[in-house]
Amino acid sequence: MFQTHCQDLTFVFVFVVVPCILIIRILHHLRRTYINRQTLKTLRNSLLSIQKTLHSLVLFITMSNSNDDSSAVDPPPFDPLQPSIPISYPIKTLQDLHSRSYFDSFHYPFNKSTVPLHPLNGASPTLPARPRILVCHDMQGGYLDDKWVQGGTNADAYAIWHWHLMDVFVYFSHSLVTLPPPCWTNTAHRHGVKVLGTFITEGDEGKAIATELLSTKESAHTYAERLAELAVALGFDGWLLNMEVNLDVDQIPNLKEFVSHLTQTMHSSVPGSLVIWYDSVTIDGKLDWQDQLNEKNKPFFDICDGIFVNYTWEEDYPKLSAAVAGDRKFDVYMGIDVFGRNTFGGGQWHTNVALDVIKKDDVSAAIFAPGWIYETKQSPDFQTAQNHWWSLVEKSWGILQNYPKVLPFYSNFDQGHGLHISLEGEQMLDSPWNNISSQGFQPMLEFKDDPNPDTIQVLVDFKEASYSGGGNVTFKGTLEENASFIARLFQAELLLGNFPVYITYSVKSEETSLLGLLLEFSSARKERKSVLLASRRIDQSSTKFSELIVPRQVKMLETTTEWATREARIIMDGYAITGISAVCYRPEPSRRTLESASNVQDNAAVHTPAEYFAILGDISIKTSGQNSDFPLSSSWLVEAQYVKFASDSQGTKTLSAKIIWKLKDGNDSVFPQYNIYLGKPAKQAVGSLDGRIESTQEYLGVARVESFYISDLIIPSNTDALKFIIQVCSVEGTSQNLDKSPFLLLDVKDK
């Protein structure tokens, strides 16, 4: 029967499904060329109906054949009301949007973003008055590894980390209401980037939805208010509206009411919020992509914050659109499809061709589907290819976001995925993981297309043990004795006052591979200074700086990791930090070395490049030399909800529960992160002769909200209680001692 089942599926898939998919994609390519677009739309919808029918046929074959397998059990359908591992998901029906059922979901509280756009990152509520870049995610339909709110186990999960090259990020899927997973909003906001969800109607189903949505002025207002309510509750910044359906001309007034009311409601609820119109249906109700701003789509542009122009424009369209927009030309976002589907310049590795034209004509750009790099497995690997592709964007447009802008500032260079997790040099997790919310401020490393083997390679590394989180900046290669190498880390915009600033950083390196920091300063009178933080003296002929500061060593961790933490104190009243770079250098040669070299006939031997290796673990800039104060453990109220015990046939007991915590005084917590641990039973320390007892903890995960869901945790035998520890973390990168952290002791005896 299994063989027959496979044969049935193979026949349907190879000879029916695949050809239909190919035809649909061909029509997608052709729909904006010479064939009548409405004809193509009709054909495409017909084939989509055929594809859905075939999909049902495949399911029927699968179910028919699986009836012979009594052990096969279908998973229960997703019920958002029931406790389960928290996920992000879209709203798929207008009825669910209208009923506000999302707010009754078990998952809703976990999906709130907790990183505000202001003022932690110094971002302005309004977009800058310059050409901007909007990035539209569109990654394989969305809600993949990023749907797991508490993180997943795929170290190779897709992520974006070039936030300094964009202004707006749109999370996109083909569901009716696409709600951005909080991980994207958290990390985008951390870098000063606005985040939009997507409202889309398409196909026959979208036509029916539009009919109900636009049936009356009141219904248009109601649904606009529902969308605004979701954005406010979940903490993102607005909406991309894509009405990809034909409408009756008498529906257009209510469509304009919908767009206008959503824009006004968002503005009154979230200062600086955005509603962007996609170039699709025109003012006469036709689904007719204009590829420019003109009289057919400008009425929608006039009542919202901008237009995302379809990506099949011609070379003079950006200039024509700028003329139509007038003083709002920066609100015109010319689309570029990175997959290259009839897009100007061809997209892919030539995306910068379109970017150059857009920049020249002084309008904004909308980059669609940068996940092309990941989806098509561009060589040699995702990290390298992604850095290479975004370097072309930087070459065309330059850096758009500067940071740090405010204090305190902290970065551990974590990209939100990796092979381990560390805390202050101690490894807490030794397995693959992903969680984009864990991204620290990302370094603005410069990509070298053809790196010189005789110099230093700079990369965010996941294999080397980290100081904090799952990543670090690694410097490796060769370096001559009297030479130095400078690598950009951050392009900053941090104004200092008449108070000391403390710069702390952690380093791990060989004795002959030294690593320092170079800080660039600028005053209002354009006076420039540079200060080098270096633990040893450096040959100033190789690195120009105004002042050398030897930082004090705060601590050398008593572990085999050999991390050293260094701190310097600086007062630069009236100056702003404009740049932070790493400096790789060698220690100055000793007198004995110099005398020995003078006796060598060929002194070139002294300057032979030698292997260099160093790691930068984290960097912190703050106004106090002291660590953060954390509330006492007794200041917190910690509880368990939805507690469920289960046992299997072998007698193994498991626990599922939602752990929640809050300050007893009722004040909102200001802490950005909580590490969750399971306290293990105490045991005698290895090698201890005095009977000393030590306790251990198992790292369970990280929370951004004041709750964490434990799913199917195996309860060790002969255990009476489980201790869950919530370690509070500060914006400065410090963490509360575990023995002083809030905790929950949960009785599991006889459960």
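What percentage of the 751 residues of the chain count as buried? In this predicted model, the share that counts as buried is 52%. The chain contains 13 helices and 34 strands. Among contacts in the chain with a separation of 6 or more, 75% are accounted for by residues 24 or more positions apart.

Cysteines were examined next. A search of the whole structure finds 0 disulfides. Two of the cysteines may be described individually. Cys183 has a relative accessible area of 7% and is therefore buried, since buried means under 20%. The relative accessible area of Cys729 is 5%, so Cys729 is buried by the criterion of under 20% as well.

The packing of two helices was then considered. Helix H10 spans residues 351-360 and helix H12 spans residues 382-397. Their axes come within 9 Å and cross at roughly 20 degrees. Because angles under 35 degrees count as roughly parallel, H10 is roughly parallel to H12. The crossing in which H10 passes H12 is right-handed. On the H10 side, the contact is made by Thr351, Asn352, Leu355, Asp356, Ile358 and Lys359. The H12 side contributes Trp389, Leu392, Val393, Ser396 and Trp397. By residue class, the contact of H10 with H12 comprises 6 nonpolar, 3 polar and 2 charged residues.

Cis peptide bonds occur on either side of H12 in the sequence, as the following two cases show. Ser379 and Pro380 are joined by a cis peptide bond with omega of about 0 degrees. Pro380 is located in the loop between helix H11 (372-375) and H12. A cis peptide bond also runs from Leu407 to Pro408, with omega near 0 degrees. Pro408 is placed in the loop between H12 and strand S10 (409-411).

Leu459 provides a view of the surroundings of one strand residue. This leucine belongs to strand S15, which covers residues 456-461. With a relative accessibility of 22%, Leu459 counts as partly exposed, because the buried class is limited to values under 20%. When neighbours within four places in sequence are left aside, the residues in contact with Leu459 are Leu445, Asn472, Val473, Thr474 and Lys476. Leu459 and Gln383 are 76 residues apart along the chain, and their C-alpha atoms are separated by 9.4 Å.

Two residues other than glycine were noted for their backbone conformation. Tyr642, in strand S26 (residues 636-647), has a positive phi near 50 degrees. The relative accessibility of Tyr642 is 45%, and this residue therefore counts as partly exposed. Asp712, which lies in strand S32 (residues 707-714), likewise has a positive phi, of about 50 degrees, although it is not a glycine. Asp712 has a relative accessibility of 52% and so counts as exposed, since the exposed class requires a value over 50%. The two residues thus fall into separate accessibility classes, Tyr642 being partly exposed and Asp712 being exposed.

How values were computed
Residues are numbered from 1 along each chain as its sequence is written. This is a predicted model: local features need pLDDT of at least 70, side-chain atom pairs count only at pLDDT 80 or more; totals for chains, interfaces and linings use all residues. Side-chain values use heavy atoms; hydrogens and water are left out. A disulfide is a pair of cysteine sulfur atoms within 2.5 Å. Buried means under 20% relative accessible area, exposed over 50%, partly exposed in between (1.4 Å probe, protein chains only). Axes are lines fitted to C-alpha atoms, for helices over the stretch in contact, and angles run from 0 to 180 degrees between N-to-C directions. Helices (H or I, at least four residues) and strands (E, at least two) are DSSP runs, numbered from the N terminus. Angles under 35 degrees count as roughly parallel, over 145 as roughly antiparallel, 65 to 115 as roughly perpendicular and the rest as oblique. A crossing is left-handed if the near helix is turned anticlockwise from the far one by less than a right angle, and right-handed if clockwise. Contact means heavy atoms within 4.5 Å. Ala, Val, Leu, Ile, Met, Phe, Trp, Tyr, Cys and Pro count as nonpolar, Asp, Glu, Lys and Arg as charged, and the others, Gly among them, as polar.
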